[in-house]
Amino acid sequence: MATMNKIIVKHPSGSYPIYLADHALAQTGEQLAILGYRGRCAVVTNETIGQHHAAPVLASLQAAGFEVNRIDLPDGEQFKTLETVAGLYDQFVTAKLDRHSSIIALGGGVIGDMTGFAAATYLRGVPFVQIPTTLLAIVDSSVGGKTGVDLPHGKNLVGAFKQPEMVIIDPQVLTTLPKVEFCAGLAEMIKNAIIGAPELFATLESRSLEYTGKCEDFLCLTTSDLLTEAVQVKVRIVEADPFEQGRRAVLNLGHTFAHAFERLATYSMRHGEAVSIGLVCAARLAVRLGHCSTETAERIIALLQRLEMPTKLSAYAPLMVWEAMFTDKKRQGDTIPFILPRAIGQVDIFKDVAQADVLAILEKQRP
Ligand SMILES: NC(=O)c1ccc[n+]([C@@H]2O[C@H](COP(=O)([O-])OP(=O)(O)OC[C@H]3O[C@@H](n4cnc5c(N)ncnc54)[C@H](O)[C@@H]3O)[C@@H](O)[C@H]2O)c1
């Protein structure tokens, strides 16, 4: 067993560990028992993920004495709904889960968000464990306690803060991840590096020089130590702002642009691609407004390009993008906050960015 990296995340009502190591899935049962849990548990996953990764999780829980139920949900964002969660409650009742039973999410952000929401609300809250299996879920959604589902009116409109009892991260799960999902997570990992991990950014830069377009090349960008650095950025931010009242907004670096691109593409554009172009826009806007150097922006763009992430967007007129930024259902007030880099490892929130500056940047994005 490789050395286990452990990060403790503090939150208003306690703390939880993140265990990060190759083959950590096989430690799930033992670690959960060490935390004092026993009895019944449910592992919520889907067929795609379960076929590759459920076996070591289920076996370790059984070996540690848990009575295990596996529950498979349908695969896809379109199933991240209240209806699917209602089906989960039915299965929890059938499995006789009580307040002391643990509910374990084994999957990407979709499984994690839905299972976390079900765990937050079933019997007014039962213990919850996150085992993220996509790069996005590892570096972003599994840490910080945000859970929820989509409504027909928009994404993530219903949810709850539900802190997990523990998070188990096993980089080996990424060996089965499709390339397109890898790229989506890589955009968020690079985002975390720009927000608060300059050394991680420099390592990604040097390793990207060897990138040849093969999936195996990605795996040297996602070793336990690099993932630990990326996760620590998120941990520091959510510890400082657990309920998303202020500073946590910096995690939206590149996302003001990205959400507008996705909305215009009626979600046919992948989130990671939109974030990649969004990071470029944020960097260019920061240069234009005098907040960061041209060299910083060029480093960000060069890294994304070397990893074959998109950096240009041709389909939409700048004014359309600007207008799409204002249709976010969760937005308050008349101004759009932009998260912009000052340097690699340092970002800030800017509330009064002029429309003309944003339009000028979007114009430059066109090939
Ligand atoms: N809660 C938060 O803080 C937060 C933050 C960011 C995003 N999110 C949410 O996360 C969701 C996106 O998550 P995602 O990008 O992980 O997508 P996802 O959960 O849909 O997973 C992507 C695809 O990869 C498959 N998959 C997952 N792990 C695999 C593996 N190891 N091998 C092979 N296939 C695998 C899944 O079955 C799915 O088909 C969105 O709903 C978004 O709103 C939540």
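1. Welcome to this structure, a predicted model. A good place to start is Lys-155: one of its polar side-chain atoms sits 3.4 Å from an oxygen atom of the ligand. Two other side chains offer polar atoms to ligand oxygens as well: Asp-75 at 2.9 Å and Thr-134 at 2.6 Å. On its own the ligand would expose 870 Å², and the protein buries 86% of that.

2. Now look at what surrounds the ligand. There are 25 residues around it, and those that come nearest are Glu-77, Gly-109, Thr-133, Thr-134 and Thr-176. Several elements give at least two residues each to this shell: helix H2 (47–63), helix H4 (109–121), helix H5 (135–141) and strand S8 (154–161).

3. Next, the nonpolar interior. The largest nonpolar core holds 123 residues, and Ile-18, Phe-92, Met-189, Ile-190 and Phe-261 have the most contacts inside it. Helix H11 (residues 271–288) provides the largest share, with 10 residues. Because domain 1 (5–176) and domain 2 (179–364) both contribute residues, this core lies between them.

4. Met-189 deserves a closer look. Setting aside residues up to four places away in sequence, Met-189 touches Leu-135, Val-139, Leu-200, Leu-204, Leu-221, Thr-222, Leu-226, Leu-227 and Ala-230.

5. Finally, is Asn-192 buried or exposed? Its relative accessibility is 1%, so Asn-192 counts as buried, the cut-off being under 20%. Asn-192 belongs to helix H6 (residues 179–196). Beyond its neighbours within four places in sequence, Asn-192 is in contact with Val-139, Ala-197, Ala-230, Val-233, Lys-234 and Leu-251. Val-139 and Ala-230 appear among the contacts of Met-189 too.

Notes. Residues are numbered from 1 along each chain as its sequence is written. This is a predicted model: local features need pLDDT of at least 70, side-chain atom pairs count only at pLDDT 80 or more; totals for chains, interfaces and linings use all residues. Side-chain values use heavy atoms; hydrogens and water are left out. Helices (H or I, at least four residues) and strands (E, at least two) are DSSP runs, numbered from the N terminus. Buried means under 20% relative accessible area, exposed over 50%, partly exposed in between (1.4 Å probe, protein chains only). Contact means heavy atoms within 4.5 Å. A nonpolar core is a set of buried Ala, Val, Leu, Ile, Met, Phe, Trp, Tyr and Cys residues joined through side-chain atoms within 4.5 Å. Domain bounds come from an automatic or database domain assignment. A residue is near a molecule or strand if one of its heavy atoms lies within 4 Å of it. A polar contact is a pair of N or O atoms within 3.5 Å; within protein, one must be able to donate a hydrogen and the other to accept it, and residues adjacent in sequence count only if both atoms are side-chain atoms. Accessible areas come from the Shrake-Rupley method with a 1.4 Å probe; for residues, only the protein chains shown count as cover.
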